[in-house]
Amino acid sequence: MVIVLAQGTSKEQTAIIIKELEEANCTASITYGEFQNIIGVVGDTHNIDRERLAAFEFVEKVLAVQEPYKKANRAFHPENTVVRALGQTIGGDKLAVIAGPCSVESEAQIVGIAQAVKAAGANFLRGGAFKPRTSPYSFQGMKEEGLDLLKIAKAQTGLPIVSEIMSADRLDRFVDDVDIIQIGARNMQNFDLLKAVGQTGKPVLLKRGLSATIEEWLMSAEHVMAAGSEDVVLCERGIRTFETYTRNTLDLSAVLAVKRLSHLPVVVDPSHAAGLWWMVDALSRAAVAVGADGIMVEVHNDPLRAKCDGAQSIKPERFAALMSSLRVIAAASTRRIEL
Ligand code: PEP
Ligand code: MN
């Protein structure tokens, strides 16, 4: 942390700040400039209230030089985290492939898609039972019944389930029936939900908020981790920009940034990023080439009749072709795809 003092700050005023810093067990060193004095602070700055310091009239600026997240920070945890669920992994040298429909619609639909994506090489099944929809008149998901159907698909295929939670009221059901609890883009900063899910200790897939910076996203991961679950998978799913051709703009540079800043695994969801089915395979390949730990892809047997996100869903045949092409890229980027 660096504290810039205003011009003309007296020795007594400087001493007030130094005392505050020393009380927080930090070491302060002052650099006297021709016009302004600057205090460099080293030590665990965790306990220093930056806003309080900035409120002194003779403090011009308080600058952080360290990231505000600790548990998610690679500096404090250099080795990559590998998240495990039902014998499958996200992170490490095996590419994680999460595939399935936007929402669960019927037993035949979810079981059929689960079997098809498994045969093509997916290692997790996705499917929304509770859907966050922009319109209250759109399909809101099959809710508890959707979770029942996901359980049937899991029993038939052995694929671990990834599904989105919208309210902490349903936490018990999610803890019992879902292997990785998804927190959607719209809830990335629902701090009470983050805390409640974190307290369960279950693995969490945390999507990036629609307009969230990388630091805000990592701070949300920090909330989950501070509450108790250290198994957080970050999911880049596109962000809002001025461009309207695609649903969102896929920020692949975020994968590189997050891998540098954090030890947590990162997966890419090209379906919600592009919103267009025909872009999904090329963007998946780009995500793997850039170093993502996995992809999350929407697959539907009948996109024309899908109750949600048909325009961005690929058919099982196209998904199988995507998996074949991904094997080549995964191998070149030292990842493995089994099957
Ligand atoms: C989803 O995965 O179906 C979903 C709603 O995603 P997002 O929160 O990224 O919009
Ligand atoms: Mn969707």
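The following paragraphs describe the surroundings of ligand 1 and the aromatic pairs in a predicted model.

Around ligand 1 there are 13 residues, and of these R126, K131, A185, R186 and R237 come nearest. When this shell is sorted by class, seven of its residues are charged, while three are polar and three are nonpolar. The space that ligand 1 takes up is the second largest pocket of the structure.

Three arginine side chains place polar atoms at short listed distances from oxygen atoms of ligand 1. For R237, an N or O atom of the side chain is 2.6 Å from an oxygen atom of the ligand. For R126, a polar side-chain atom lies 2.8 Å from an oxygen atom of ligand 1, and for R186 the corresponding separation between a polar side-chain atom and an oxygen atom of the ligand is likewise 2.8 Å. Taken alone, ligand 1 would expose 300 Å², and 97% of that area is buried by the protein.

Attention now turns to the aromatic side chains. A pair of aromatic rings is described by two quantities, namely the distance of the centres and the angle of the planes. The structure holds two such aromatic pairs. In one of them, formed by F56 and F58, the centres are 5.4 Å apart and the planes make an angle of 40°, an arrangement that is classed as tilted. Both partners can also be described by their accessibility: F56 has a relative accessibility of 19% and therefore counts as buried, since the cut-off for this class is under 20%, and F58, with a relative accessible area of 9%, is buried as well. The other pair consists of F130 and F174, whose ring centres lie 5.8 Å apart and whose planes meet at 45°, so this pair is tilted too.

Key
Residues numbered from 1 in each chain as written. Chains lettered and ligands numbered in written order. Predicted model: local features only at pLDDT ≥ 70, side-chain atom pairs only at ≥ 80, totals over all residues. Heavy atoms only, no water. Near = heavy atom within 4 Å. Polar contact = N/O pair within 3.5 Å; in protein donor to acceptor, adjacent residues only side chain to side chain. Areas by Shrake-Rupley, 256 points an atom, 1.4 Å probe, with all protein chains shown as cover. 1 Å grid on protein atoms, 1.4 Å probe; cavity = no way out; pocket = protein on both sides within 12 Å on 5 of 7 lines; lining within 4 Å. Sits in = over half its atoms within 2 Å of the grid points. Nonpolar A, V, L, I, M, F, W, Y, C, P; charged D, E, K, R; others polar. Phe/Tyr/Trp six-rings, centres within 6.5 Å; stacked < 30°, edge-to-face > 60°. Buried < 20%, exposed > 50% of the residue type's maximum accessible area, 1.4 Å probe, protein only.
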